[in-house]
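Here are some short exercises to work through with the model open beside you. Try each task before you read its solution.

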Amino acid sequence: MTAFRRDAADILAELSALRAADAPTHGGRVLSYVYDSGVAELDELAAQAARSVQPVNGLDPTTFTSVAVMEAAVVGFARRVFHGAGSNADGEVVVGTVTSGGTESCLLAVKAARDAWRAARLGTPRVPRIVAPVTAHAAFHKAAQYFGLGLDLVAVDPDSGVVAPGAVEDRLGDDVALVVLSAPSYPFASLDPIVDVAAVCRSRGIPLHVDACIGGFALAFWPDELPAWDLAVPGVTSLSADLHKYGYAPKGVSVLLTRGRDRQRHQYFATTAWPGYPVVNPAMTGSKPAAPLAAAWAIIEALGEPGFAALTATVARATNELRRLIDGIVGLRVVGEPTGPLLAVACDEQVAAEDRVDPHLWADAVRASGWHLQLQPGFLQPDGTRLPHTTHLTVTPVTEDVLPALADALTAAADSVRGMPGIDGARLVADLAGQLPGGIDALSAASEGLDSETAAALLAAFGLLSGDGAAGALPPRLAPVLALVEALPGRLTERLLVELLARVVEPAPEDPAAPADQPVGGDSRPQRSP
Ligand SMILES: *Cc1c(COP(=O)(O)O)cnc(C)c1O
């Protein structure tokens, strides 16, 4: 037997210590990223299911047949709850794929639509477009970039975050490979006008993807009556919904449903043009874990529709309570008509300046009392109007248990910053530029070809990286960071964020004199900074 270099218990103890420094994944203190059902047995079931398929390779469901059975069951469940179980008038059935997450589902929806568009226009040199409201998830920006499509963004109403159906219709043309709408959108929880746009898309033969990644598995069980938004709507040709959000599964699992087998086959990649095994991949990866699929499948088997309905009822109650509470806080307003378990909070400009609450100062004050809300930057739309900067809250079943304490924190934080003006990003940038050789012009020019060292130096000047280039945890106040994001040229911010994230995972330089293998024990491992 191979001897361990280090004791297993010791390794796991180190991991627990690392985990203790993470933002808390349970208990409702983090209102984004994590989806806590509040049911410990469900987490335990998911963990056991994941463990039982740990060595399986999901690449080949004909070799590992458990994968095929579980995937068919998960797709079948999704198809049922999103009203795609029957075939439509054209005899098209809904088929699907389990993917590694929302981004992969969105990427694949775009890839399939692009290839279907090309197949119908063999040999065309034209570049197809995606048409979507500005509120569509960034995954579609990524898809456009990865797969070489144009992205034509449609402005939304700055007050409600909702897009007008006519504004989408105006952009349609023969070069549109896909229209994307959200149910609901991440930034404002707006439910896009799916019925109206679907009717237009259908009459013009343009595919329509509904991105229900965040809200899908909650909206399907939402207690209030909603306008039709899923595969019940003729003209909706694909739909994505994440099981690692309101499916309460561990990260790494989402589902993409497509109407029509022929439409979906464009999603696949297959090749026999190499000397190895024939490759057939429905999604982006080759070898892949079966664990997230098994966990999602087990959760679906355990909860069924009644279990999802009960959890969703809890989420809906908590969301309504929070909305009422925040609407009652002088100086803040909930943006538009949020649909589903999330909402965005903006400054209420209707009240006098001394009563206004800046949502980012508010989020930082809330954070100081141990709750994590998510700051969203203001946004200049293509039509010149501005969307306000906001603070996002994702509500989960466990939120209901902590509502009284959360309500106190939200109210007290608003009281502590009421009347304080938001951070002036332009001023921050001017101050920083003053400290840099070349000033603001150098900053803007820098956004094109910034090298890693210069980017790190800028981050250090902004206080986001230590002088030796080491990145640490987030600063205690995020409002100034978001103000910079709003004020700096977008290309520059993107480059700086790349640098920051890359530095976070870069190992510390190693001492060339040190032995290649470290002795057992915690003290001699490389340290990032003394
Ligand atoms: C979360 C989300 C995505 C992307 O999903 P990931 O699982 O983070 O890759 C796509 N669309 C919407 C609306 C989302 O909220």
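**Exercise 1: Backbone oddities**

Tyrosine 33 is found in the loop between α1 (8-20) and α2 (40-52), where helices (H or I, at least four residues) and strands (E, at least two) are DSSP runs numbered from the N terminus. Before going on, note that this is a predicted model, in which local features need pLDDT of at least 70, side-chain atom pairs count only at pLDDT 80 or more, and totals for chains, interfaces and linings use all residues. Residues are numbered from 1 along each chain as its sequence is written, and side-chain values use heavy atoms, with hydrogens and water left out.

Task: find what is unusual about the phi of tyrosine 33, and describe the peptide bond from alanine 183 to proline 184.

Solution.
- Step 1: Most residues other than glycine have a negative phi, and most peptide bonds are trans.
- Step 2: Tyrosine 33, although not a glycine, has a positive phi of about 70°.
- Step 3: The bond from alanine 183 to proline 184 is cis, with omega near -10°. Proline 184 sits in the loop between β4 (176-182) and α7 (194-204).

**Exercise 2: Around the ligand**

Task: list the residues that surround the ligand, then look for its polar contacts (pairs of N or O atoms within 3.5 Å).

Solution.
- Step 1: The shell, meaning residues with a heavy atom within 4 Å, consists of Gly101, Gly102, Thr103, His137, Tyr186, Asp211, Cys213, Ile214, Asp242, His244 and Lys245.
- Step 2: From glycine 102, a backbone N or O atom lies 2.9 Å from a ligand oxygen atom.
- Step 3: Aspartate 211 places a polar side-chain atom 2.6 Å from a nitrogen atom of the ligand, and histidine 244 places one 2.7 Å from an oxygen atom of the ligand.
- Step 4: On its own the ligand has 370 Å² of accessible area (Shrake-Rupley method, 1.4 Å probe), and the protein covers 85% of that 370 Å².

**Exercise 3: An aromatic pair**

Task: how many aromatic pairs does a search of the whole structure find, and how are phenylalanine 221 and phenylalanine 308 arranged?

Solution.
- Step 1: Rings of Phe, Tyr and Trp (its six-membered ring) pair if their centres lie within 6.5 Å; planes under 30 degrees apart count as stacked, over 60 as edge-to-face and the rest as tilted.
- Step 2: The search finds eleven pairs.
- Step 3: Phenylalanine 221 and phenylalanine 308 are stacked, 5.4 Å centre to centre with 20° between the planes.
- Step 4: This pair links distant parts of the chain, 87 residues apart: phenylalanine 221 is in the loop between α8 (216-219) and β6 (238-242), and phenylalanine 308 is in helix α10 (residues 291-327).

Technical notes. A polar contact is a pair of N or O atoms within 3.5 Å; within protein, one must be able to donate a hydrogen and the other to accept it, and residues adjacent in sequence count only if both atoms are side-chain atoms.
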